[in-house]
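Reader: Please take one part of this model and go through it closely. I would like the geometry of a helix, how it packs against others, and which residues are covered.

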Amino acid sequence: MEVEERAEEAPEGAHQRDLSGVFRYYELAKRAEWQVKDLPWGEIAPIPEYKGSPQKLARRQDLWRSVITQQLQADELAVEMATQLFAIAPDHEAKLYYTTMVQDESRHTEAWLKLIEQTGGMAERDPYLDQLAAHVLQADTLEEKVFLMQVFYERLIIPRFRMIARSTRGTILEDLCNRLTIDDGIHHGAGMAYERVLLESAGKKVKASLVDAANSLLPVFAKHALWRPKAREFIGALMRDTDIRMLREDLEQGIRLAQSLGIDASGIVLPRQLA
Ligand SMILES: [Fe+2]
Ligand SMILES: [Fe+2]
């Protein structure tokens with residue numbers, strides 16, 4: 001497999017690359033590091049508290065359980081992806097940086113696990129999120145993996161955290177989402193910096209393969225963005241228009257990011273849900 005070969009051979013010219021940008025993200029990540037015990041456990045409510053009938057309360061709790069389950073699932077998968085990036089990245093500075101990302105994703109998972117325990121346990125998994133991760137893990141090249149995970153996915157998750165934080169003021173969930181907004185901002189920034197360096201020495205073939213990788217990921221991403229578990233079906237119909245609008249904004253943002261890396265994004269095909 002191409003990826004394994006790359007990890008073993010010391011890549012030609014790797015030592016001539018300027019990785020100072022990536023190294024800066026390593027230093028930034030070290031400064032931004034926090035601990036799960038820093039969260040105000042036991043001092044404030046884990047999720048928003050409501051008044052109303054037992055049915056209403058149960059429905060609300062299921063809703064937040066479902067939100068937390070999706071984030072737990074996403075961070076669980078992020079541990080695997082970050083570990084793979086750490087393992088195959090040939091550059092010293094990038095490897096250093098990825099040690100922080102592996103720790104971040106595993107700390108995020110730890111926090112979500114604690115939170116889900118306090119809110120009634122795991123709910124339904126999003127099958128499309130598993131498929132998204134499989135796409136990244138099975139991608140052939142490091143360029144594709146960094147592009148799909150850090151450039152694309154980690155950027156798009158940030159508005160989601162902001163949205164959750166806005167509706168969960170004064171809770172552990174809000175606090176965690178605010179921390180993750182910062183962490184994933186660093187993950188995305190580091191990915192942009194590294195991808196730029198990788199693409200400097202990459203040929204047309206590699207850049208074209210990124211367009212193909214995006215085209216195979218986007219239909220799955222669209223299904224993931226529009227997927228609603230049972231616990232959130234009752235707001236699903238109301239949210240459908242918002243979901244479609246956010247999906248469109250996400251993809252436009254993704255295309256702008258690709259272009260800023262010098263990729264010819266004209267070959268990117270929008271998923272049929274937006275056609
Ligand atoms: Fe994370
Ligand atoms: Fe992340």
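**Helix α8 and its surroundings**

Author: In this predicted model, helix α8 covers residues 204-226, and its 23 residues should span 33 Å at 1.5 Å a residue; the end C-alpha atoms are 33 Å apart, so the expected and computed spans agree. The helix nevertheless has a kink of about 30 degrees at L218, shortly before the proline P219.

L218 is also among the buried residues of α8. The full set of buried residues in this helix is L210, A213, A214, L217, L218, F221, A222 and H224. The spacing in such a list can be read against a general rule: an α-helix has 3.6 residues a turn, so residues three or four places apart point the same way.

Next comes the packing of α8. Two packed helices are described by the angle between their axes and the distance between the axes. For α8 and helix α5, residues 127-138, the angle is about 160 degrees and the axes are 8 Å apart. An angle over 145 degrees counts as roughly antiparallel, and α5 and α8 are therefore roughly antiparallel to each other. Their crossing is left-handed.

With α6 the arrangement is as follows. The axes of α6 and α8 come within 10 Å and cross at roughly 45 degrees, which makes α6 oblique to α8. The crossing in which α6 passes α8 is right-handed.

After α8 the chain enters the loop that leads to α9 (233-260), and W227 is found in this loop. W227 counts as partly exposed because it has 16 C-beta neighbours inside 10 Å, whereas a residue needs 20 or more to be buried. Between the C-alpha atoms of W227 and A133 there are 16 Å in space, and the two residues are 94 apart in sequence.

The partner α6 deserves its own description. Helix α6 runs over residues 142-166, which is 25 residues, and reaches 35 Å from its first C-alpha to its last, close to the 36 Å expected at 1.5 Å a residue. A bend of about 35 degrees is found in α6 at Y153. The helix is mostly covered, with 18 of its 25 residues buried.

Besides α8, α6 packs against helix α7, residues 172-200, at an angle of about 155 degrees and with the axes 8 Å apart. That angle makes α6 roughly antiparallel to α7. The crossing of α6 and α7 is left-handed. In the contact of α6 with α7, the residues divide into 17 nonpolar, seven polar and seven charged.

Two residues of α7 can be looked at one by one. G191 lies in helix α7 and counts as buried because it has 27 C-beta neighbours inside 10 Å. The C-alpha atoms of G191 and K145 are separated by 9.8 Å, while the residues are 46 apart along the chain. Y194 is found in helix α7 as well, and with 28 C-beta neighbours inside 10 Å it counts as buried. Y194 and A94 are 100 residues apart in sequence, but their C-alpha atoms are 7.4 Å apart in space.

One residue of helix α4 completes the account. T109 has its place in α4, residues 92-118. Its count is 20 C-beta neighbours inside 10 Å, and T109 therefore counts as buried; the cut-off for a buried residue is 20 or more. T109 and Q73 are 36 residues apart along the chain, and their C-alpha atoms are separated by 8.2 Å.

To return to the starting point, α8 has a kink at L218, is roughly antiparallel to α5 and has α6 oblique to it.

Methods. Residues numbered from 1 in each chain as written. Chains lettered and ligands numbered in written order. Predicted model: local features only at pLDDT ≥ 70, side-chain atom pairs only at ≥ 80, totals over all residues. Helix = DSSP H or I, 4+ residues; strand = E, 2+ residues; numbered from the N terminus. Expected span 1.5 Å × (residues − 1). Bend = angle between axes of the 7 residues up to and from the residue. Buried ≥ 20, exposed ≤ 12 C-beta atoms within 10 Å, placed from the backbone. Axes fitted to C-alpha atoms, helices over the stretch in contact; angles between N-to-C directions. Parallel < 35°, antiparallel > 145°, perpendicular 65-115°, else oblique. Left-handed = near helix turned anticlockwise from the far one by under 90°. Nonpolar A, V, L, I, M, F, W, Y, C, P; charged D, E, K, R; others polar.
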